[in-house]
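Grab a pencil and work through these exercises with the structure open beside you. Each task comes with a solution that goes step by step.

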Amino acid sequence: MKEKNTELIKSKALEFGFISCGISKAEFLEEEAPKLENWLKNNFHADMSYMENNFDKRLNPKLLIEGSKSVISLIYNYYTTEKQANNTYKIAKYAYGDDYHVVIKNKLKELVKVLQNEIGEFSVRIFVDSAPILERAWAKKSGLGWIGKNTNLLTKKLGSFYFIAEIITDLNLIYDNPTKDHCGSCSACIDACPTKAFVAPYILDSSKCISYLTIENKNEIPSEFKNKLEDWIFGCDICQEVCPWNKFSLQHKDESFKINEIIKTYNKKDWEEIEEETFKIYFKNSAIKRTKFKGLKKNIKILLN
């Protein structure tokens, strides 16, 4: 039964468009605990105080779901060859289309429904970058890839342009083994970061990260970074773009992540003149709404001064 259910979950995940599915035992993340503690102690989480909350839950899925036995990790491709207009402000690829939280969560709900129809009822909770869970750590433990020097989950087959999601369940399943680190002596991501956000290989200081500065940061962007943002106004893909493994990235096949018309066609002048009403209409189903109109304009303003 354990083997049958494991095979069913993995085959159905592929049917739902996930590019990979791995499973690990729901247990305390012993290896990650000191890393997370040191990262927080060094204030590398910047103003993201929520990272300090639920410390134990981040490391132990049994505190999220009583009786949980397995963590199912899944990855979903969002890479695209579509590009923004020339002479424009840059948006991270993951935000080109609809909000991934909603798209992936809906897929997971449907997947779980199908699985419960075949297996029977089981306890389950789904996660898409929205709860106290160390997604990359679980994906690594489940054998989906390794955590690279740029702190992203990397795979030899498809690089790192994908979303990670989890299903925690009380099903007893067959577990996968972690894969090896294949970064080697490469330091392309560390060398390319214009704000020097990587204080060491595998360690990111969020307060210097362009993604943090343009999205999570609610204050003015410090003047020291003014000339280092390289025209990014929402997120940043630099450390992924230079990663050699991303030469294997393939175009996604999901219409939900098709590039937003504004992102595709707007030049710098268009972005500078965008009005709140336009923003609300075109980005109502977008991850970009996280920074709000005010935040986006703030990011553009610092690039103009």
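**Exercise 1.** This is a predicted model. Decide whether Y100 is buried or exposed.

*Solution.* Start with the relative accessible area of Y100, which is 10%. Buried means under 20%. So Y100 is buried.

**Exercise 2.** Now take F163: is this residue buried or exposed?

*Solution.* Its relative accessible area is 7%. Use the cut-off of under 20% again, and F163 turns out to be buried.

**Exercise 3.** Work out how the rings of Y100 and F163 are arranged, and where each sits in the chain.

*Solution.* Two things describe a pair of aromatic rings: the distance of the centres and the angle of the planes.
- Distance: the centres of Y100 and F163 are 4.4 Å apart, and rings pair if their centres lie within 6.5 Å.
- Angle: the planes are at 5 degrees, and planes under 30 degrees apart count as stacked. So this pair is stacked.
- Place: Y100 belongs to helix α4 and F163 to strand β7. They are 63 residues apart, so the pair links distant parts of the chain.

**Exercise 4.** Classify the aromatic pair formed by W245 and F248, then say how buried or exposed each partner is.

*Solution.* Go through the same steps.
- The centres are 6.1 Å apart, with 35 degrees between the planes.
- That angle makes the pair tilted, as stacked needs under 30 degrees and edge-to-face needs over 60.
- W245 has 19% relative accessibility and counts as buried.
- F248, at 35%, counts as partly exposed.

**Exercise 5.** How many aromatic pairs are there by this rule, and which residues form one aromatic cluster?

*Solution.* The count comes to 15 aromatic pairs. One cluster is made up of F18, Y76, Y78, Y79, Y94, Y100, F161, F163, F234 and F257, so you've already met two of its members, Y100 and F163.

**Exercise 6.** Find the residues with the most contacts inside the largest nonpolar core, and list what L108 touches.

*Solution.* This core has 48 residues, and L74, I91, I104, L108 and W271 have the most contacts inside it. Several elements supply at least two residues each, among them α1, β2, α4 and β7. The largest share, seven residues, comes from α4. Leaving out residues up to four places away in sequence, L108 touches F18, L74, I126, F127, V128, A165, E166 and I167. There's also a second, separate core of 37 residues, including A26, I65, W138 and L204.

Definitions and conventions. Residues are numbered from 1 along each chain as its sequence is written. This is a predicted model: local features need pLDDT of at least 70, side-chain atom pairs count only at pLDDT 80 or more; totals for chains, interfaces and linings use all residues. Side-chain values use heavy atoms; hydrogens and water are left out. A nonpolar core is a set of buried Ala, Val, Leu, Ile, Met, Phe, Trp, Tyr and Cys residues joined through side-chain atoms within 4.5 Å. Buried means under 20% relative accessible area, exposed over 50%, partly exposed in between (1.4 Å probe, protein chains only). Helices (H or I, at least four residues) and strands (E, at least two) are DSSP runs, numbered from the N terminus. Contact means heavy atoms within 4.5 Å. Rings of Phe, Tyr and Trp (its six-membered ring) pair if their centres lie within 6.5 Å; planes under 30 degrees apart count as stacked, over 60 as edge-to-face and the rest as tilted.
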